Amino acid sequence: MVKEYNIVITGVGGQGILTAANLLGWAALHAGYKVRVGEVHGMSQRFGSVIAYVRFGEDVYGAMVPEGKADVIMAFEPVEALRYINYLKEGGLVIANSNPIPPVQVSMGLATYPSMEEIRKIIEEDFKGKLITLDAEKLALEAGNVITTNVVLIGALTQTPGFPLSAEHVKEVIRLSVPKKAVDVNMKAFELGVKAAKELLGL
Amino acid sequence: MAKVTDIVLWDKPGEKVLLLGNHAIARGALEANIAVFAAYPGTPSSELTDTMAAVAEKAGVYMEYSTNEKVAFETALSAAWSGLRAMTAMKHVGLNVAADTFLSAVGMGVEGGFVIMVADDPSMWSSQNEQDTRVYAKFANVPVLEPSSPHEAKEMTKYAFELSEKFKHMVILRTTTRISHARGDVILGELPEEIKQAKRKFGDFKKDPSRFVDVPSNARKFHPQILEKIEKIREELAKCPFNWIEGREDAKVGIIAPGLAYSYVKEALAWLGVDDVKVLKLGTPFPVPYKLLEKFFDGLERVLIVEELEPVVEEQVKVWAFDNGIRIPIHGKDYVPRVYEMTTRRAVTAIAKFLGLETPIDFESVDEKYKKVSAIVPPRPPSLCPACPHRNTFYAIRKAAGSKAIFPSDIGCYTLGVLPPLKTVDTTVAMGASIGVAHGLDVALNGVPGERDTKEKKKVIVATIGDSTFFHTGLPALANAIYNRSNVVIVVVDNLVTAMTGDQPNPGTGDTPHGPGKRILIEEVARAMGADFVEVVDPYDIKATYEVMKKAIETEGVSVVVARRVCALHHIGQLRRRGEKWPIYTVNEDKCTGCRICINAYGCPAIYWDAEKKKAQVNPLMCWGCGGCAQVCPFGAFEVMKEGE
């Protein structure tokens, strides 16, 4: 049993972040852990930047991951990985969906979107983390429905070195949680995420 | 991962489940055999209210979405006067709306347990201020319970009903965002037979004018009674199962941790590897039980109070210590910030400073590194959804009224109209205030009819208010504006649901948790009140909306425009559930001239700028098919690509 395992999930409101957090929370609960999931609802959900926390283990009390303590950041959007990089512990992993969603201000020419090279440089050099990126939407479409983007990312997450829950266990919780008609698509999405992460991590 | 509305009714005592704090409180209320629940939704309290609505029929509980917090308070209070267990729930600022009844009713007491759940929002994730409800509790002399985890929130809910009944006094259950919107492991308890069998409970109101009529001669008796009661409750709370002392008994330093701060203190101590301290875990920040303080202070040489927001516990502890001749250093707000929410970082920093230790991470160097990130990360504030009818309404208002007009607005999704490119919100202060502010500005800038030279150019004032907000506190303000001969346009952005807080019904929709209620049409209310111009328009027709706005602005007097179109998020949810498709738009690059009107004036989040092609583009995953872009594009560049999901 781990003392404390911290996952930070980031992205844009509407991408299925809270659903992913809830699924992971249940998976940890079913594995016998004490669990906390932190989220924010209301105004901040409307297509704004969103952060959620999933924590489990003996020494977990509050719902928010402290800065510098995240074992892994799972980002639904590249710039949203960078925005919350201060949560990552040294040597932590960032798994990011590679599809940018340009904020309105960027389209209006009031702000610029950093390049993937800039994002990678800050994550790896300044914050001493490791970044892997995958086209989760493409894999979700390959599985049969873009709505399974979050399951692709969860599949990839389970391959994080030292991840305390087994991929099979997490997969089973998802299988039991989604509507019957959506089971096959979700299982396929999960497997595609696992496969992509294995390749990227050289496992 | 079963459905929450099923879990809260599970007859499985001992089962461990993952529940949101708000869901856990709903379960606690059911385990306590609640009879009546009434509330107006407000983040971060809404999931409690919605859960009660979803299970009401199955649990034999009367539940209503009241028109505002004051009305909700009165509905629940009357049930408690009649001997039933009753609860109301609201966000922190909702208590301001209910405060008139709340503060006056304290002395009358209750018969059935009466629990007021108030959800505070430190750091203002979805609020206009960060007022601390514990200050209200102290002001009103009402005990306040504050949980440190979702499971404790459930247990405290049950205890709150018992405490309320024992002392015939109302009780506040105060949460914050990080309890209400935190999921945690919760162990289910027993459900009463009446809940399991969905048996509705009815009360008995025993007339007693000396108690229930607060004329001065009666009210004068209440105040001393209230003070006597709160001291008795203070004594009782020394035995409260949510207050305890832990850690080293012979420690020389102590930490007091009220509510959720206890969780952060536990983590901070573990992170620092410190165990030679004594901790007073306080589930009742008001009134602080003095007997526990006596025990806790015994042998201590220094004390730190780790408390979120206002120094409510700190002030009580310091007064008590002074009165009892205790002169050891007691620290609080000199170590812990008074603004924004508590975090483990804040707790660990304060405790490290208090104990003369280094923090486990050099947070300042992290902040230093993060400066580089802040400099290049583009802001991503929340925005109106794709296909949101409010965007079209704002677009039409701005075109019709011009940028010099003044736009008072209100509390809801449409407050996001403040952001570029729409910028059609100039003021937002409190629920329903748009109309009062619009009228006040008209008085201040234009004067009442006849006061100013008619040739003088008058300031155009166009207020926006949501459907639910209109019924909440817009009604008295509209009556005032009409009565006092205002010259303003009031646009009710009616999306047929209370959208921001998660799709609740309201009088404008007519639905209730117990089946159809009576629908009230906003335009009929406006006509009956005597508005000078009343028209309903569909904002999905931008040209028609613009023309109605023009007419409304030209009309002397109070104009009411109802811009009616269902909430896009609500609508898309329904289409998805039914497996139906919607059109997806795309940009015909031959027609797009790159003028950017769609981006710089309309601002749908599904439209973005392709800097290489110098053309607008539509993200097909975000397009919800309203076709607003096709109406604002002067070159006809937006076309339907295909049927969507």
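**Helices, cores and local geometry in a predicted two-chain model**

The face of helix H21 of chain B that points away from its buried side carries Lys543(B) and Glu554(B), both exposed. The model described here is predicted. Helix H21(B) comprises the 13 residues 542-554, which at 1.5 Å a residue should span 18 Å; the C-alpha atoms at its ends are 18 Å apart, so the expected and computed spans agree. Buried positions in H21(B) are Ile542(B), Thr545(B), Val548(B), Met549(B) and Ala552(B). Viewed down the helix axis, the buried residues of H21(B) fall within an arc of 125 degrees and therefore line one face of the helix. The cover over these buried residues includes three helices of chain B, namely H17 (389-401), H23 (597-602) and H24 (628-632), together with strands S15 (489-494), S18 (533-537) and S19 (559-564).

Helix H15 of chain B, residues 344-355, was examined in a similar way. Its 12 residues reach 16 Å from the first C-alpha to the last, close to the 16 Å expected at 1.5 Å a residue. Buried residues in H15(B) are Thr344(B), Arg345(B), Ala347(B), Val348(B), Ala350(B), Ile351(B), Ala352(B) and Phe354(B). These residues pack against strands S10 (253-258), S12 (302-305) and S13 (330-331) and against helices H12 (261-272) and H16 (363-376) of chain B. Gly356(B), which follows H15(B), has a positive phi near 70 degrees.

In soluble globular proteins, nonpolar side chains tend to be buried together. The largest nonpolar core in this model has 127 residues. The members that touch the most other members are Ile85(A) from chain A and Leu30(B), Phe37(B), Met87(B), Phe102(B), Phe114(B) and Met170(B) from chain B. Beyond residues up to four places away in sequence, Phe37(B) touches Leu48(B), Thr49(B), Met52(B), Val61(B), Tyr62(B), Met63(B), Glu64(B), Met87(B) and Ala89(B). A second core, separate from the largest, has 81 residues, among them Cys385(B), Ile465(B), Phe471(B) and Val618(B).

Three buried residues were considered individually. Asn22(A) is located in helix H1 (residues 17-30) of chain A. Its relative accessible area is 11%, and it is therefore buried. Apart from neighbours within four places in sequence, Asn22(A) contacts Met1(B), Leu18(B) and Arg183(B). In chain B, Asn495(B) occupies the loop between S15 and strand S16 (511-512). Asn495(B) counts as buried because its relative accessibility is 6%, and its contacts, leaving aside neighbours within four places in sequence, are His390(B), Asp467(B), Arg565(B), Val566(B) and Cys567(B). Ala568(B) belongs to helix H22 (residues 568-578) of chain B and, at 5% relative accessibility, also counts as buried. When residues up to four places away in sequence are not counted, Ala568(B) touches Pro386(B), Ala387(B), Cys388(B), Pro389(B), Tyr540(B) and Trp624(B). Between Ala568(B) and His439(B), the separation is 129 residues in sequence and 31 Å in space, C-alpha to C-alpha.

Over all chains, a search of the whole structure finds 19 aromatic pairs. One of them is the tilted pair of Tyr84(A) and Tyr87(A), with 6.5 Å from centre to centre and 50 degrees between the planes. Tyr84(A) and Tyr87(A) are both buried. Also in chain A, Tyr5(A), Tyr33(A), Phe56(A) and Phe163(A) form one aromatic cluster. Charged groups also sit over aromatic rings: the charged end of Lys369(B) lies over the ring of Phe127(A), 4.8 Å from the ring centre, and that of Arg391(B) lies over the ring of Tyr602(B), 5.8 Å from the ring centre.

Backbone geometry was examined at several loop positions. Thr43(B) and Pro44(B) are joined by a cis peptide bond, with omega about 5 degrees; Pro44(B) is in the loop between strand S2 (36-39) and helix H3 (46-59) of chain B. Another cis peptide bond joins Phe286(B) to Pro287(B), with omega about -10 degrees. Pro287(B) falls in the loop between strand S11 (278-282) and helix H13 (290-297) of chain B. Lys168(B), a residue other than glycine, has a positive phi near 50 degrees. Lys168(B) is found in the loop between helix H7 (150-167) and strand S7 (171-176) of chain B, and its relative accessibility of 36% makes it partly exposed. Asp503(B), likewise not a glycine, has a positive phi of about 70 degrees. The loop that holds Asp503(B) runs between S15 and S16 of chain B, and this residue is partly exposed, with a relative accessible area of 34%.

Definitions and conventions: Residues are numbered from 1 along each chain as its sequence is written. Chains are lettered from A and ligands numbered from 1 in the order in which they are written. This is a predicted model: local features need pLDDT of at least 70, side-chain atom pairs count only at pLDDT 80 or more; totals for chains, interfaces and linings use all residues. Side-chain values use heavy atoms; hydrogens and water are left out. Rings of Phe, Tyr and Trp (its six-membered ring) pair if their centres lie within 6.5 Å; planes under 30 degrees apart count as stacked, over 60 as edge-to-face and the rest as tilted. Buried means under 20% relative accessible area, exposed over 50%, partly exposed in between (1.4 Å probe, protein chains only). A charge sits over a ring if NZ of Lys or CZ of Arg is within 6 Å of the ring centre and within 35 degrees of the ring normal. Helices (H or I, at least four residues) and strands (E, at least two) are DSSP runs, numbered from the N terminus. The expected span of a helix is 1.5 Å times one less than its number of residues. The arc is that of the directions from the helix axis to the C-beta atoms. Contact means heavy atoms within 4.5 Å. A nonpolar core is a set of buried Ala, Val, Leu, Ile, Met, Phe, Trp, Tyr and Cys residues joined through side-chain atoms within 4.5 Å.
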